[in-house]
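The following paragraphs lead the reader through one protein model, residue by residue and contact by contact. Please keep the sequence and the structure in view while reading.

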Amino acid sequence: GLNPDPNDNDVPDEEVPTPTPFDEAPVIGLSKDLTNVVNNMDGTYDVEFLLTVENFGDVPLNNVSITDDILGQFAALSPTGFAATDGSLNANAVWDGMSATNILAAGQSLAVGASGTVSISFTVTPGTVTNVDNTALATGTSPAGNDVTDTSTDGLNPDPDDDDTPDEEVPTPTPFDEAPVIGLSKDMRDVVNNIDGTYDVT
């Protein structure tokens, strides 16, 4: 404080340490980009996304995680074959598409201004579904133990308007292009003259 003798007893024996708080402004951003959709021509499609997470705050972020509820968002398409692949961040080798499972390997951090990437892939059976809009969620923990989160926006940039506030939340579309094909043949097998002016045709 400002008074060396806070109780004004002329005995300045108070020894209260002066706190020095360091205010934080942790911010995390996430983007999700559809990198590939392959029609396997058997009713199934292979889907791949690139996820980019970035630290927009003023402190490092620890325990960075990315979750994506593929089982929920693509439930009608029976998703299978989940895989997470290293980018500049290490992927979780046992990622299973559930909302509670981290796509990243445990214990990863992002320095101030740093970003990192990871990819996910899986297989779906769309049936009559032609598109699914979907999002992922990034979380990080500040040095003071505060968690920050961000819902992904479509594309490669977690902050498309570059204002250092990654508040965009545009879902990433996943279109399933069709390749319909039909074929027909017609073969004449037999013609029988009935000798009465008529013919039987097969």
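The model is a predicted one. A convenient place to begin is Thr101. If neighbours within four places in sequence are set aside, Thr101 is in contact with Ile66, Thr67, Asn92, Trp95 and Asp96. Thr101 itself belongs to the loop between β4 (80–86) and β5 (115–124). Although it sits in a loop, Thr101 counts as buried, because its relative accessibility is 16% and the limit for a buried residue is under 20%.

One of the residues touched by Thr101, Trp95, leads to the aromatic side chains. Ring pairs join Trp95 with Phe49, Phe74, Phe82 and Phe122 in a cluster. In total, the structure holds five aromatic pairs. In one of them, Tyr45 and Phe176 have ring centres 5.2 Å apart and planes at 70 degrees, so this pair is classed as edge-to-face; the angle required for that class is over 60 degrees. The pair links distant parts of the chain, since Tyr45 lies in strand β2 (residues 45–55) and Phe176 in the loop between β10 (172–175) and β11 (191–193), 131 residues apart. Tyr45 has a relative accessibility of 9% and therefore counts as buried. Phe176 is likewise buried, with a relative accessible area of 4%.

Phe74 and Phe122 make an edge-to-face pair as well, with 5.1 Å from centre to centre and 65 degrees between the planes. Here, too, distant parts of the chain are linked: Phe74 is in the loop between α1 (70–73) and β4, Phe122 is in strand β5, and their positions lie 48 residues apart in the numbering. Phe74 is buried, at a relative accessible area of 0%, and Phe122 is buried at 2%. Both residues are also members of the cluster described above.

Strand β2 can next be followed to Thr52, which has its place there. Thr52 is buried, as its relative accessible area is 10%. Not counting residues up to four places away in sequence, Thr52 touches Gly29, Leu30, Ser31, Gly116, Thr117, Leu156 and Pro158. How far apart in space are Thr52 and Gly155, which are 103 residues apart in sequence? Their C-alpha atoms are separated by 9.0 Å.

From Gly155 the view may be moved to Asp154, in strand β9 (residues 153–154). Asp154 counts as partly exposed, because its relative accessibility of 32% falls between the limits of 20% and 50%. Beyond its neighbours within four places in sequence, Asp154 is in contact with Lys32, Val170, Pro171, Thr172 and Pro173. With Thr172 there is a polar contact between the two side chains, at 3.3 Å. The C-alpha atoms of Asp154 and Val170 are 5.4 Å apart, while the two residues are 16 residues apart along the chain.

Lys32, one of the residues in contact with Asp154, introduces the salt bridges. The count comes to two salt bridges. In one, Lys32 is joined to Asp68, with 2.4 Å between the closest N and O atoms. Lys32 lies in strand β1 (residues 28–39) and Asp68 in the loop between β3 (62–67) and α1, so the bridge ties together parts of the chain that are 36 residues apart in sequence. Are these charged partners buried or exposed? Both Asp68 and Lys32 are buried.

The side chains of Asp187 and Arg189 form a salt bridge as well, at 3.8 Å from N to O. Asp187 has a relative accessibility of 56% and so counts as exposed. Arg189, at 64% relative accessibility, is exposed also. The bridge between Asp68 and Lys32 thus has two buried partners, whereas Asp187 and Arg189 are exposed.

The tour ends at the surface. Which residues make up the nonpolar surface patch of about 440 Å²? The patch is made by Met188, Val191, Tyr199 and Val201. Among them, Tyr199 is found in strand β12 (residues 199–201). Tyr199 is exposed, because its relative accessible area is 51% and the limit for an exposed residue is over 50%.

Terms used
Residues are numbered from 1 along each chain as its sequence is written. This is a predicted model: local features need pLDDT of at least 70, side-chain atom pairs count only at pLDDT 80 or more; totals for chains, interfaces and linings use all residues. Side-chain values use heavy atoms; hydrogens and water are left out. Helices (H or I, at least four residues) and strands (E, at least two) are DSSP runs, numbered from the N terminus. Buried means under 20% relative accessible area, exposed over 50%, partly exposed in between (1.4 Å probe, protein chains only). Contact means heavy atoms within 4.5 Å. A polar contact is a pair of N or O atoms within 3.5 Å; within protein, one must be able to donate a hydrogen and the other to accept it, and residues adjacent in sequence count only if both atoms are side-chain atoms. Patches are made of residues with over 30% relative accessible area and no salt bridge: like charges are joined within 9 Å, nonpolar side chains (Val, Leu, Ile, Met, Phe, Trp, Tyr) within 5 Å. Accessible areas come from the Shrake-Rupley method with a 1.4 Å probe; for residues, only the protein chains shown count as cover. A salt bridge is a side-chain nitrogen of Lys or Arg within 4 Å of a carboxyl oxygen of Asp or Glu. Rings of Phe, Tyr and Trp (its six-membered ring) pair if their centres lie within 6.5 Å; planes under 30 degrees apart count as stacked, over 60 as edge-to-face and the rest as tilted.
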